[in-house]
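Here are some worked exercises for you to try with the model open in your viewer. Please have a go at each task before you read its solution.

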Amino acid sequence: MALGLGSKSSHLQVQGTAWRKLVLIVLILGGSIQSGESRTWGKRNQIHSHSHGYGGEEEKGRRNCRKHTAVITEFGGVGDGVTSNTIAFQTAVSNLSQLATADGGGAQLVVPAGKWLTGSFNLTSCFTLYLEEDAILLASQNESEWPALPPLPSYGRGRDAPAGRFASLIFGTNLTDVVITGANGTIDGQGGYWWDKFKKGELNLTRPYLIELMFSDQVQIFNLTLINSPSWNVHPIYSSNVIVQGLTIIAPIESPNTDGINPDSCTNVRIEDNFIVSGDDCIAIKSGWDEYGIRFGMPTEHVMIRGLTCVSPFSATIALGSEMSGGIRDVRAEDIVAINTESGVRLKTAPGRGGYVKDIFVQRMNLKTMKYVFWIAANYGSHPDDGYDPNALPVVDNINFRDITAVDVKMTASLAGLDNDTFTGICVSKIHVQLAEKPKKVQWNCTDVQGVSSDVTPRHVVCCRRRITQISIVRSHVIGFPLRMLS
């Protein structure tokens, strides 16, 4: 099943025939993608930005940025797609860890072309994992190669099962200066095994993610192709100064919970120039679940999302929540393209979540074939246990959307707060929507929300009726980028 999306262009541009190519992906992704079949689109999506030092000719020198470099074959690695390399990766990182911090020069592990079957392994500080072109990490389907971990403290239980979770394929905790990159190498989660067990209710632990870094600082993940993740693809949690750039992430559109990029209780995050086809949200910003997230109290804040292309027929382009009990604040998203996706932006929360979602600014979205443009759901449900406080209500304020164009849309907006918890500061301007051939009769369904609107089509009669009485600017910074929030 070849995707056939090759292009001589090295920049991510969605125009002309590219629209039809992306829609074609949605039609053909009925099953797992074979590792080699992601190569042509992945090459298209490589980053060539001299300002950031990613891609192009500079990438040839990327392997030499650390003082110490080794190849996985030096530790017994065999890239035949059959031999387990779990011990080889664990040994390699352990040995390089001693060199990485001994003289401050860092260390790098190179994975050459081949198919490298492996279970979970941990990274270390001052470290680069580099996948060369045509290098493929194959996630093992032998559960003994996946250590069991306790539940995340801000979640209180696993998402798939009450107990803990399997460690992620590439995992690390309490690290500084970690880079996961390559010449567009591939990480194949071989998720079919896990999806089947999940659907049959046979899991005692939560499925592994492809990449998860906890309590870490200075994290960079870029120029890679991720396919067939068992569950979430990229999950930085309790971390700061995170850059996720130039990833191609692809999973079958009906695969369960294969979110693309989920920053969770993180500060200073930049997510830029990524292409995602997913069975769930392309990007979901999170910060803990009900009483556990409230108690842990670590928000996600100062996030920049730019240059995203998303295909997700059953989920959101960008989701806020639903696990947002630690708070979400100061998020900017711009230059977003979505095709055949359920919603442009979706805010998910519920009584019991507590927390807040504040100071969100989204602009320059181009949407095609959508169920909703905007969707706020305040009764999302889904609680970790019965210990949540139903009186812990979320605060939602200062949510801004502007310069959004959408075509072939079923419903413009479904905005629902709570009858005793009005969501305020919902501001929409320069929104132009062309409806589908058979749209819903009600285009704006708004309850328990307040805000303002300007230059919006189709017009509405019940949403956002307050006049603007005050304009204030909130300033913050996301890795050097000023954010201006309009309330």
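**Exercise 1. Find which residues lie nearest the centre of the second largest pocket, and describe its lining.**

Step 1. Start with the term: on a 1 Å grid over the protein atoms alone, a pocket is an open set of points with protein on both sides within 12 Å along at least five of seven lines, and lining residues have an atom within 4 Å of a point. A cavity, which we need later, is a set of points where a 1.4 Å probe fits but cannot get out.

Step 2. The second largest pocket is lined by 22 residues, and R159, N257, D280, E323 and Y380 lie nearest its centre.

Step 3. Its volume is about 260 Å³. Here a volume is the space filled by probe spheres set on the points, with grid points joined across faces, edges and corners.

Step 4. Sorted by class, the lining has 5 nonpolar, 6 polar and 11 charged residues. Ala, Val, Leu, Ile, Met, Phe, Trp, Tyr, Cys and Pro count as nonpolar, Asp, Glu, Lys and Arg as charged, and the others, Gly among them, as polar.

Step 5. Strand 23 gives the largest share of this lining, 3 residues. Helices (H or I, at least four residues) and strands (E, at least two) are DSSP runs, numbered from the N terminus.

A word on the model: it is predicted, so local features need pLDDT of at least 70 and side-chain atom pairs count only at pLDDT 80 or more, while totals for chains, interfaces and linings use all residues. Residues are numbered from 1 along each chain as its sequence is written, and side-chain values use heavy atoms, with hydrogens and water left out.

**Exercise 2. Place R332 in the fold and say whether R332 is buried or exposed.**

Step 1. R332 sits in strand 23, which covers residues 328-348.

Step 2. With 13% relative accessibility, R332 counts as buried. The scale is this: buried means under 20% relative accessible area, exposed over 50%, and partly exposed in between (1.4 Å probe, protein chains only).

Step 3. The side chain of R332 makes a polar contact of 2.8 Å with that of E334. Such a contact is a pair of N or O atoms within 3.5 Å; within protein, one must be able to donate a hydrogen and the other to accept it, and residues adjacent in sequence count only if both atoms are side-chain atoms.

**Exercise 3. List the residues that line the largest cavity.**

Step 1. The search finds 1 cavity of 30 Å³ or more, and the largest cavity has a volume of about 60 Å³.

Step 2. Its lining consists of L152, Y155, R157, G158, R159, R165, T206 and Y209.

Step 3. By class, that gives 3 nonpolar, 2 polar and 3 charged residues.

**Exercise 4. Check the backbone for cis peptide bonds and for positive phi.**

Step 1. G321 and S322 are joined by a cis peptide bond, with omega about 5°. S322 is in the loop between strand 22 (316-320) and strand 23.

Step 2. From T457 to P458 the peptide bond is cis too, with omega near -5°. P458 belongs to the loop between strand 28 (449-457) and strand 29 (473-478).

Step 3. D290 has a positive phi near 50° although it is not glycine. D290 is in helix 5 (residues 290-296) and counts as buried at 0% relative accessibility.

Step 4. R364, in strand 24 (residues 356-377), has a positive phi near 55°. At 36% relative accessibility, R364 counts as partly exposed.

**Exercise 5. How are the rings of F89 and F121 arranged, and which parts does the pair tie together?**

Step 1. There are 10 aromatic pairs. Rings of Phe, Tyr and Trp (its six-membered ring) pair if their centres lie within 6.5 Å; planes under 30 degrees apart count as stacked, over 60 as edge-to-face and the rest as tilted.

Step 2. The ring centres of F89 and F121 are 4.6 Å apart and the planes are at 15°, so this pair is stacked.

Step 3. Since F89 lies in helix 3 (residues 86-102) and F121 in strand 5, the pair ties together parts 32 residues apart in sequence.

Step 4. F89 is buried at 0% relative accessibility, and F121 is buried with a relative accessible area of 1%.
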